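Thanks, everyone, for making the time. I would like to walk you through one model this morning, starting from a pair of strands and working outwards to the whole chain.

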Amino acid sequence: MTTSWGEYALTRFPEHPRDPLRAWDAADEYLLRHLAAPDAPALTGRVAVVGDRWGALVTALAGRPGPDELVQITDSYLGREATRANLARAGHAEGGAVRLLTTRDAPPDRVDVLLVRVPKSLALLEDQLHRLAPALHAGTVVVGTGMVKEIHTSTLRLFEQLVGPTRTSLAVRKARLVHSAPDPDLERPANPWPLRYALPKDAATVAGLTVVNHAGVFCADRLDIGTRLFLRHLPDGLDGRRVLDLGCGNGVVGLAVAVAAPGAEVVLTDESYQAVASAEETFRASAPAGAKARFAVGDATADVPDGSVDVVLNNPPFHSHQAVSDAAARRMFTAARRALRPGGELRVVANRHLGHHLTLRRLFGDCEVVGSDPKFVVLRAVKR
Ligand SMILES: C[S@@+](CC[C@H](N)C(=O)[O-])C[C@H]1O[C@@H](n2cnc3c(N)ncnc32)[C@H](O)[C@@H]1O
């Protein structure tokens with residue numbers, strides 16, 4: 001990525017030499033150009049960057065004089081790892097130029113410049129603006145950026161409601177900037193996050209139990225229809241088994257295991273900090289006393305040792321950071337196979353048209369359908 005003050009070699013995480021997707025886009029470039037213009041706001045004091053996908057913004061800003069402190073706040077483990085690698089490649093050691101915070105860390109108490117890469121999830125933006133609002137002061141410069149298709153009237157309404165008067169820039173290469181002027185007298189509504197809801201009657205063994213959802217988590221306000229089918233086709237006899245809920249979201253699948261088999265040991269992993277926090281709270285609210293559960297943020301199976309689990313349960317992502325691809329699912333299945341002991345099984349729910357049975361057959365040698373409805377299938381593959 002080229003800026004007027006330097007060039008940056010940027011990668012996504014996990015890094016792949018043949019990755020056709022760039023680690024930055026026109027929205028990142030538009031914001032960086034705006035910040036380098038002669039009439040740009042001063043980048044001084046504490047600069048916080050929210051939603052920086054792969055660290056393009058903080059990596060480029062770390063190369064500019066001005067900020068006393070640069071802070072990145074992200075919900076993605078993958079984004080954070082990419083940021084670390086991109087900063088290191090640009091010659092910035094962690095802990096030096098940029099402080100990396102997650103969405104679950106306490107936000108900074110004062111922010112002088114707030115840069116927002118508008119996230120895909122409006123809920124996450126709402127929660128982040130609520131959490132950061134107390135740190136803003138009348139002189140805080142707030143600039144958002146995103147692709148035109150990501151910035152809706154509802155996005156601007158959130159800036160208006162939670163920061164202050166808001167206007168947008170002209171679109172340039174399908175990207176747009178959002179400028180908000182903090183209003184110290186603004187009366188903000190209460191932050192609705194996290195949301196809690198009771199699972200519906202047809203949610204098999206977990207019907208009526210409460211799930212807790214932090215902002216941005218998959219299907220945060222109602223049970224997903226694929227997950228609902230999955231809950232009806234989980235394996236039996238899991239007592240005493242080690243079960244991995246891979247990509248756990250709010251933890252509803254792992255919870256179903258803990259309820260049906262209180263003697264199972266459940267490990268729940270996700271690359272979203274908000275997801276793992278939700279799963280922990282779901283267990284606190286609804287798991288039977290004495291349920292054995294461990295929670296980990298990380299890529300795919302996180303820190304789970306190879307060959308150590310009996311069953312992996314997975315409702316794989318359909319989108320991976322804006323890109324529609326089955327690469328994310330394929331990586332999860334490969335990691336699941338590694339984590340399984342010989343004879344262990346992976347059970348997956350997915351949209352029929354994605355053709356995951358072909359991938360599973362290739363990886364595991366075989367795969368069978370154990371449940372289906374007109375839209376979804378539940379697949380089972382055993383590690384030989
Ligand atoms: C379709 S949701 C399923 C959530 C939950 N299991 C359910 O059924 O409601 C997929 C989940 O995978 C997570 N995810 C995506 N990529 C991941 C990765 N590389 N490693 C771990 N989790 C990932 C997402 O954050 C998301 O929570």
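Please look at strand β6, residues 113-117, and strand β7, residues 141-147, which pair in the parallel sense over five bridges; I should say at once that this is a predicted model. Within that pairing, V113 stands opposite V141 in β7.

Stepping back, these two strands belong to an open sheet of seven, which runs in the order β5-β4-β3-β6-β7-β9-β8 with mixed pairing. Its edges are β5 (98-102) and β8 (166-168), each of which pairs on one side only, and the twist from one strand to the next averages 20 degrees. Helix α5, residues 153-162, packs on this sheet, where it touches β7, β8 and β9 (175-180), and its direction makes about 150 degrees with that of β8.

Now to the overall division: the protein splits into domain 1, residues 2-180, and domain 2, residues 195-382, with C-alpha centres that lie 31 Å apart. The contact takes 17 residues from domain 1 and 14 residues from domain 2. On the domain 1 side, α3 (77-89) and α4 (122-132) are the elements that give two or more residues, and α4 gives the most, with four. By class, that side has seven nonpolar, four polar and six charged residues.

Finally, the interior. The largest nonpolar core has 118 residues, and those with the most contacts inside it are A48, L114, V243, V257, V312 and A336; this core draws at least three residues from each of the two domains. As for A336, its contacts beyond four places away in sequence are L246, T301, V312, N314 and L346.

Key: Residues are numbered from 1 along each chain as its sequence is written. This is a predicted model: local features need pLDDT of at least 70, side-chain atom pairs count only at pLDDT 80 or more; totals for chains, interfaces and linings use all residues. Domain bounds come from an automatic or database domain assignment. Two residues are in contact if their C-beta atoms, placed from the backbone, lie within 7 Å. Ala, Val, Leu, Ile, Met, Phe, Trp, Tyr, Cys and Pro count as nonpolar, Asp, Glu, Lys and Arg as charged, and the others, Gly among them, as polar. A nonpolar core is a set of buried Ala, Val, Leu, Ile, Met, Phe, Trp, Tyr and Cys residues joined through C-beta atoms within 7 Å. A residue is buried if 20 or more other C-beta atoms lie within 10 Å of its own, exposed if 12 or fewer, and partly exposed in between; C-beta atoms are placed from the backbone. Two strands pair if DSSP finds at least two bridges between them. Axes are lines fitted to C-alpha atoms, for helices over the stretch in contact, and angles run from 0 to 180 degrees between N-to-C directions.
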